[in-house]
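This report describes one protein chain for a reader who works with coordinates. Please keep the sequence and the structure at hand while reading.

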Amino acid sequence: MNRQSVAFYLRCLKKDEEMGSSDCSLFLINVNKYNHEIPENVFLLCGDRYLDVLLKRLEQERQLTPTRNDDNPWKRVTLFIKDFIDSVSDDPKWRSSCFVIDTNPNFSIYTEMAISAAKRLIVPFTADDFSLSAIETLLYMVYGYESDKDKRLQSFEKSQYFWLAQTNGIKRSKLLFFVFNRVTFMSPKLLMHLMPSGIGL
């Protein structure tokens, strides 16, 4: 496992390995060392193929029963990435930094951790029915917005991220904008359909 990766950072938090230092910036790689065309102030927290291995263990830890009054396993694990960003930002040399988080399109625990850490959400999509359905699902999963008020969803509400985040006092990302992929124009009607009232900046 690469020691300068998000997987190793998460594994250290699980106490499988000793971090050796509380300086989270040590997990970052200066990209310029490997590609001199990249500016020297660009740093990367790499992904890792072991993320899939860790996924089930992280989910299991989130479901643990609190062992004391101040323990909240679901909130603690969900905020692991936010804790990383906050730790790095505490260093004066990093305070003006901009953090960009890239996630897979599937809504896994890692997506929830990223949404809980980011202040703004950028949603790329293509102009097809599949993307429209995916965006509607995202709006429900993150904000609880239902496009067609399906009563069958109510029985699942308390297991969804938007409900758990609100219940556990986690501030969710706000939508910044949707990014059209492979199109040469923007459709105002489509944007109005995608952006529900009350969600945004």
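The sections below cover the overall make-up of the chain, its two largest pockets, one helix pair and three single residues.

## Overall make-up

The model is predicted. The protein chain contains eight helices and four strands. Read from the N terminus, its elements follow the order α-β-β-α-α-α-α-β-α-α-β-α. Of the 201 residues in the protein chain, 36% are buried.

## The largest pocket

The largest pocket has a volume of about 1,300 Å³. Its lining is made of 45 residues, and those closest to the centre of the pocket are I101, A118, R120, L121 and I122.

Which elements each supply at least two residues of this lining? They are the helices α4 (80-89), α5 (109-117) and α6 (129-143), together with the strands β3 (120-126) and β4 (174-181). Helix α6 gives the most to the lining of the largest pocket, with seven residues. By residue class, the lining of the largest pocket divides into 25 nonpolar, 10 polar and 10 charged residues.

## The second largest pocket

The second largest pocket holds about 940 Å³ of space. A total of 31 residues line the second largest pocket, and V6, L45, V100, I101 and D102 lie nearest its centre. Two or more residues of this lining come from each of β2 (43-44), α2 (51-62), α4 and α5.

Here α5 gives the most to the lining, with four residues. The lining of the second largest pocket is composed of 19 nonpolar, eight polar and four charged residues.

I101 is named for both pockets: I101 is among the residues closest to the centre of the largest pocket, and I101 is also among those nearest the centre of the second largest pocket. Helices α4 and α5 likewise each supply at least two residues to the lining of the largest pocket, and both give two or more to the lining of the second largest pocket.

## Helices α4 and α5

How do these two helices pack, and what is the angle between α4 and α5? The angle is about 40°, and the axes of α4 and α5 lie 7 Å apart. Because of that angle, α4 counts as oblique to α5; the class of roughly parallel is reserved for angles under 35 degrees. The crossing of α4 and α5 is right-handed.

Helix α5 is mostly covered, with nine of its nine residues buried. The buried residues of α5 are I109, Y110, T111, E112, M113, A114, I115, S116 and A117. E112 is thus listed as buried in α5, as are Y110 and T111.

## Three single residues

Is L139 buried or exposed? L139 is placed in helix α6, the helix that gives the most to the lining of the largest pocket. The relative accessibility of L139 is 2%, so L139 counts as buried, the cut-off for that class being under 20%. L139 and L175 are 36 residues apart in sequence, and their C-alpha atoms are 9.7 Å apart in space.

Q60 lies in helix α2, which gives two or more residues to the lining of the second largest pocket. Q60 has a relative accessibility of 49% and therefore counts as partly exposed, since exposed requires over 50%. Between the C-alpha atoms of Q60 and W74 there are 9.5 Å, with 14 residues separating the two along the chain.

E157 is found in the loop between α6 and α7 (161-167). At 31% relative accessibility, E157 is also classed as partly exposed. E157 and G144 are 13 residues apart along the chain, and a distance of 8.3 Å separates their C-alpha atoms.

Technical notes. Residues numbered from 1 in each chain as written. Predicted model: local features only at pLDDT ≥ 70, side-chain atom pairs only at ≥ 80, totals over all residues. Heavy atoms only, no water. 1 Å grid on protein atoms, 1.4 Å probe; cavity = no way out; pocket = protein on both sides within 12 Å on 5 of 7 lines; lining within 4 Å. Points joined across faces, edges and corners; volume = space filled by probe spheres on them. Nonpolar A, V, L, I, M, F, W, Y, C, P; charged D, E, K, R; others polar. Buried < 20%, exposed > 50% of the residue type's maximum accessible area, 1.4 Å probe, protein only. Axes fitted to C-alpha atoms, helices over the stretch in contact; angles between N-to-C directions. Parallel < 35°, antiparallel > 145°, perpendicular 65-115°, else oblique. Left-handed = near helix turned anticlockwise from the far one by under 90°.
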